[in-house]
Amino acid sequence: MSRRRFIAGMATAASALAGASGIALSQGTARAAGNRLPLPELLVPTQQGGVTVFAMQAAFGTHELLPGVSSDTAGFNGSYLGPTLRVRNGQRVRFEVTNGLDEELAVHWHGAHVPPEDDGGVHAAFGPGKVWKPEFTVKQQAATLWYHPHTMGITARQVAMGLAGMLIVEDDSAASKALPSSYGTDDIPVIMQSVAVGSDGGIRYASHSFSEAGMAFPVVVNGVAVESDPLTFTADTGRVRLRLLNASLSETLTVRRIDGTRLTQVATESAFLTRPVEVDEVRMPAGCRAEVVVDVTRETVLEVAVETGVGRRRNSRQSFLTLLPGSGGSRTTPLPSRLNTINRYNVAHLKPRVIALTETGGVLGINGVSGTTMKAMDSHEIVVREGDLELWEVVNRSPRNHSFHVHDVPFQVISVNGRVPTGVDLGWRDTIAVHRGATVRIAMRFTDYASEKYTYMLHCHMAEHEDLGMMTSLKVRPR
Ligand SMILES: [Cu+2]
């Protein structure tokens, strides 16, 4: 393994391929380059006997999240965040993940439809120096996914330190052909994090530490904190597709244009919408993604509103990205009027399975069981049958908001507090906000993969909550 591949954001062959604009900057140089939006490197895979292989190594390092302040961090193939992995529907892929940390690591492909043994939940942890090699055939529509640790009890710390990256699935659909897809030129990853940094530069991840004196809560985009001026990106081709990811531990992020005009959303987390939808804002609970397309005919400033979660009751908003028109970039063809076909599940005949998000005496759990050990999770696992359509009623019986995530297959939202969804809420997703006191009904079909031995998971995606036990195992039993 060449060391070069493990240096995040350096101008490798991958970033050279990313586009003629040469904007794939290292994170270190981004600041000096006038606060341009840095872009994660697109990882160049190797071919091994018909399998496309992506090599990654998790390691600790240091990184300047705040200007002039060195923070202890971690990253894949670099010191903070990780390269973008781009795969294709139908492709046989293998992720070779080396654990270069001095502790256990599990890496989950969030939103990926993969066999349970390749899913990377808490059961798949591997020790320091070990290499985990999940191999599977990509079997899903084009979507913006991501990868992050899922290590029992320490997910929040590992994610907060920077172990996260984007996973892009491409396909041959007409929508994919019509939308911008040149990575780094008009197809842009936007990894957003509300981060907590102590006065010593240390990243904080536990809510009890958020009230320390001298804490800073920067919005970090693709690895750099947004300062008073937003980051900039020049749209040389006029139209850009922004892949928004909320990789925060618990904060909800809402993105909008500061001029009050609407954004055009083309995809939810797991697939394209049926058609482009004009939205006032894109609201993303922790773990959520969305894709928007912007025709940059004039300077366009995006702002993000941060709603704080656990332990931090201070909401904020700030401009984070200025899209600048390029030279000759004002010619744009209309977006396709149809992007996808989504057949709504008929759940009228189904009795809902209740999944309660519980908190009793300060102990977080699912259905009253705190999943802080493998044994607790497995002995109270949710069991479904391969091929079955399931209707789940996710009930928040705790005094705080949560972000609910199911592994394996995407779901449709059936109702939120009894109300039928509209607009972008009709799209496929894998993560959804379940507010205090709320009842959210979702439906999904557990296709393709089943196992008596290996399990998936379901949990709150506020990382501190999952570490505290708001998670359990999900077994898809063979038919
Ligand atoms: Cu939660």
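Modeller: Before we start, two strands pair if DSSP finds at least two bridges between them. Strands (E, at least two residues) and helices (H or I, at least four) are DSSP runs, numbered from the N terminus. This is a predicted model: local features need pLDDT of at least 70, side-chain atom pairs count only at pLDDT 80 or more, and totals for chains, interfaces and linings use all residues. Residues are numbered from 1 along each chain as its sequence is written, and side-chain values use heavy atoms, with hydrogens and water left out.

Colleague: Fine. What stands opposite R86 in β10?

Modeller: I168 does. R86's neighbourhood is a parallel pairing: strand β4 (residues 85–88) and β10 share 4 bridges.

Colleague: Which other strand is joined to β10, and by how many bridges?

Modeller: Strand β9 (residues 143–149), by 5 bridges, and that pair runs antiparallel. There L145 faces L167 in β10.

Colleague: How many residues of β10 are buried?

Modeller: 6 of the 6 in β10 (residues 165–170). Buried means under 20% relative accessible area, exposed means over 50%, and partly exposed lies in between (1.4 Å probe, protein chains only). G165, L167 and V169 point one way, M166, I168 and E170 the other, and all are buried.

Colleague: Switching to the metal. Which residues coordinate the copper ion?

Modeller: H402 (ND1), C460 (SG) and H465 (ND1), at 1.9 to 2.0 Å. Donors are N, O and S atoms within 2.8 Å of the metal (3.2 Å for Na, K and Ca); water is not among the atoms, so sites may look incomplete.

Colleague: What spacing do the donors follow along the chain?

Modeller: H-x57-C-x4-H. H402 lies in strand β29 (residues 402–406) and H465 in helix α6 (residues 463–467), so the pair ties together parts 63 residues apart in sequence.

Colleague: Are H402 and H465 buried or exposed?

Modeller: Both H402 and H465 are buried.

Colleague: What is the strand order in the open sheet of 5 strands?

Modeller: The order is β26-β25-β28-β32-β30, with mixed pairing. β26 (363–366) and β30 (412–416) are the edge strands, each pairing on one side only. At the β30 edge, β30 runs antiparallel to β32 (residues 439–445) over 4 bridges. V413 sits opposite I442 in β32.

Colleague: What about domains: where does the assignment put them?

Modeller: Domain 1 is 3–171, domain 2 is 187–325 and domain 3 is 353–477. These bounds come from an automatic or database domain assignment. The contact takes 40 residues from domain 1 and 38 residues from domain 2. Contact means heavy atoms within 4.5 Å.

Colleague: How much area is buried between domain 1 and domain 2?

Modeller: About 3300 Å², with carbon and sulfur atoms giving 66%. Buried area is the accessible area (1.4 Å probe) that two parts lose on being put together, summed over both.

Colleague: Next, R275. Where is R275 placed?

Modeller: R275 is in strand β20 (residues 272–279). R275 is partly exposed, at 43% relative accessible area. R275 touches Q265, S337 and L339, leaving aside residues up to four places away in sequence.

Colleague: Last one. Which residue takes a positive phi in the hairpin of β2 and β3?

Modeller: G68, near 80°, with 2 residues between the strands. β2 (residues 51–66) and β3 (residues 69–76) run antiparallel, joined by 7 bridges. One bridge pairs A59 with G75 in β3.
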